[in-house]
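Dear colleague,

I am handing over the structure below, and I would ask you to keep it open while you read the notes that follow it.

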Amino acid sequence: MGGSLIERDDVLMKVKLKFKSPFIVGGIKRVSNYIETLDYIPGNVLRAAFSRHILNNCSCFDKNEVVVVDGEKRRNWVYFRNKQECVNCRLKNLCTKFDNIKFSFFYPEDTDIIPLTTMRCKMKPEHSLTDILVGKRECPDCLKAGNVDTRVESVSGYIKGRKDYSVKKALFTRTAIDKYTGTAKDGMLYSIEAVTGTDEENNIVFEGRIEGITKEDVSNIEELRVGKYTSVGFGRCSICLGDEDGGDKISSEETTVEEKENITQKMQLFSEKYKKNNKIANNNNYFAVKLVADAKLDFKGPDGEKPDFGRYMDNNSLKEIWLHSLNVREISSGKSYKIDKVYAEIFSFRGYDTSKVDDVREEPVHMVQKGSVIVFKTEKTFNEIFDDFALIRGFGLDVDNGFGWFKFHFGLEVH
């Protein structure tokens with residue numbers, strides 16, 4: 001484990017969302033009449049669902065109210081109003097501390113994200129996977145069998161029980177309604193893709209972690225509405241605590257010691273294999289992290305200026321920009337840690353913030369896809385690396401909503 005999933009003093013509750021109906025979480029809109037769902041739930045979407053639930057059950061809520069937050073006008077904003085009606089409100093505790101609650105991304109139950117350094121046999125996909133950080137860019141099973149063709153290809157997505165995994169989806173066709181006449185819009189037939197199952201029985205169960213809530217808070221929520229089109233029945237779910245070894249916390253002194261020893265041993269073994277695989281002969285220690293959520297990075301140089309990517313840049317300059325854009329004080333200075341390699345998929349994204357009063361469009365950002373892997377090098381010991389990264393919640397922007405969370409990655413052959 002690593003990053004915000006590493007052992008720390010904060011309380012991270014393992015939580016499950018059990019859906020009663022299909023859900024739609026919007027990604028990039030490809031065409032005007034087709035809406036495609038994501039197969040995971042970002043933390044900001046779940047925060048919005050909590051916000052909607054709190055406000056819909058708040059007797060003091062005024063939909064026309066505008067509040068000023070950090071100098072910006074907002075509506076539909078959750079804050080403790082401290083009125084007589086609040087005294088006996090069952091959601092009082094959630095409302096009071098809402099700004100301090102942190103949400104991870106939520107994924108199908110019992111799945112893991114395949115790192116982008118993973119490859120599989122091109123001829124026989126059922127063969128063992130290989131990780132190019134610590135292994136050859138060849139199929140290990142074909143090599144053992146003496147086959148001539150040992151080619152491999154990239155693989156991404158989810159894995160469950162050592163097998164490829166994908167959620168079940170279905171298309172729903174709808175007719176757009178004219179808000180003025182209340183009748184069907186002419187020529188406005190559109191299709192919605194929704195998640196309809198995560199197992200063979202078509203149950204829909206997603207799991208993740210939330211920091212800052214209690215069992216009582218969870219029990220006070222009867223039903224959430226997650227994602228889009230909730231007014232017509234999509235996204236209905238119940239919330240419950242997941243099974244957690246050692247109780248509801250993933251933080252205890254005993255567990256921390258055990259996890260630290262286990263992780264540092266794996267890091268040392270990874271470093272040895274990585275250096276051997278890449279023919280590196282120096283005294284640096286190498287370790288890798290895998291993003292378990294998309295990361296919002298604002299690519300800027302050490303001087304704070306946006307670089308001109310239209311001109312040539314050498315690898316060292318690009319690595320410095322990456323390091324600085326991780327937005328983590330402990331490593332961004334480059335004094336103790338440097339980036340050796342990055343394996344990432346990046347796309348530009350501009351979302352909407354419907355709590356804004358004026359322009360609801362957000363600033364465009366570079367989104368680094370979950371599963372991306374960053375390899376660091378340092379002269380520090382593995383115990384020091386663990387201690388430093390235990391302080392890091394995530395990389396980039398909006399980490400309180402799960403963006404940029406990560407785990408230490410050891411390469412498939414190390415496990």
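In this predicted model, the C-alpha centres of domain 2 and domain 3 lie 27 Å apart. Seven residues of domain 2 are in contact with ten residues of domain 3, and the area buried between these two domains is about 650 Å², with carbon and sulfur atoms giving 64% of that area. On the side of domain 2, the residues that lose the most area to domain 3 are Thr117, Leu133 and Val134, which together make up 77% of what that side buries. How many salt bridges are found across the interface of domain 2 and domain 3? The rule finds zero there.

To place these parts along the chain, it helps to have the domain assignment at hand, which gives domain 1 as 12–110 + 167–241, domain 2 as 117–155 and domain 3 as 253–409.

Please look next at the nonpolar cores. The largest one has 47 residues, and those with the most contacts inside it are Ile41, Leu46, Phe50 and Ile210. The elements that give two or more residues to this core are the strands S1 (12–19), S15 (204–211) and S17 (236–241), together with the helices H1 (43–56) and H2 (92–96); of these, H1 gives the most, with six residues. Why does this core lie between domain 1 and domain 3? It does so because both of these domains give residues to it. As a general point, nonpolar side chains tend to be buried together in soluble globular proteins.

Phe50 is a good residue to select on your screen: leaving aside its neighbours within four places in sequence, Phe50 is in contact with Leu94, Phe98, Phe103, Ile210, Ile221, Leu224 and Ile239. Apart from the largest core lies another one, of 29 residues, which includes Val289, Ile321, Trp322 and Phe408.

Finally, there is an open sheet of three strands, in which the order is S7-S11-S12 and the pairing is antiparallel. Its edge strands are S7 (112–113) and S12 (163–165), each of which pairs on one side only. Strand S7 and strand S11 (residues 158–160) pair in the antiparallel sense over two bridges, and if you wish to find one partnership by eye, Ile113 has Tyr158 in S11 as its bridge partner. In general, strands of a sheet pair through backbone hydrogen bonds, in either a parallel or an antiparallel way.

With kind regards

Notes. Residues numbered from 1 in each chain as written. Predicted model: local features only at pLDDT ≥ 70, side-chain atom pairs only at ≥ 80, totals over all residues. Heavy atoms only, no water. Pairing = 2+ DSSP bridges. Helix = DSSP H or I, 4+ residues; strand = E, 2+ residues; numbered from the N terminus. Core = buried A, V, L, I, M, F, W, Y, C linked by side-chain atoms within 4.5 Å. Buried < 20%, exposed > 50% of the residue type's maximum accessible area, 1.4 Å probe, protein only. Domains from an automatic or database assignment. Contact = heavy atoms within 4.5 Å. Buried area = accessible area lost by both parts, 1.4 Å probe. Salt bridge = Lys/Arg side-chain N within 4 Å of Asp/Glu carboxyl O.
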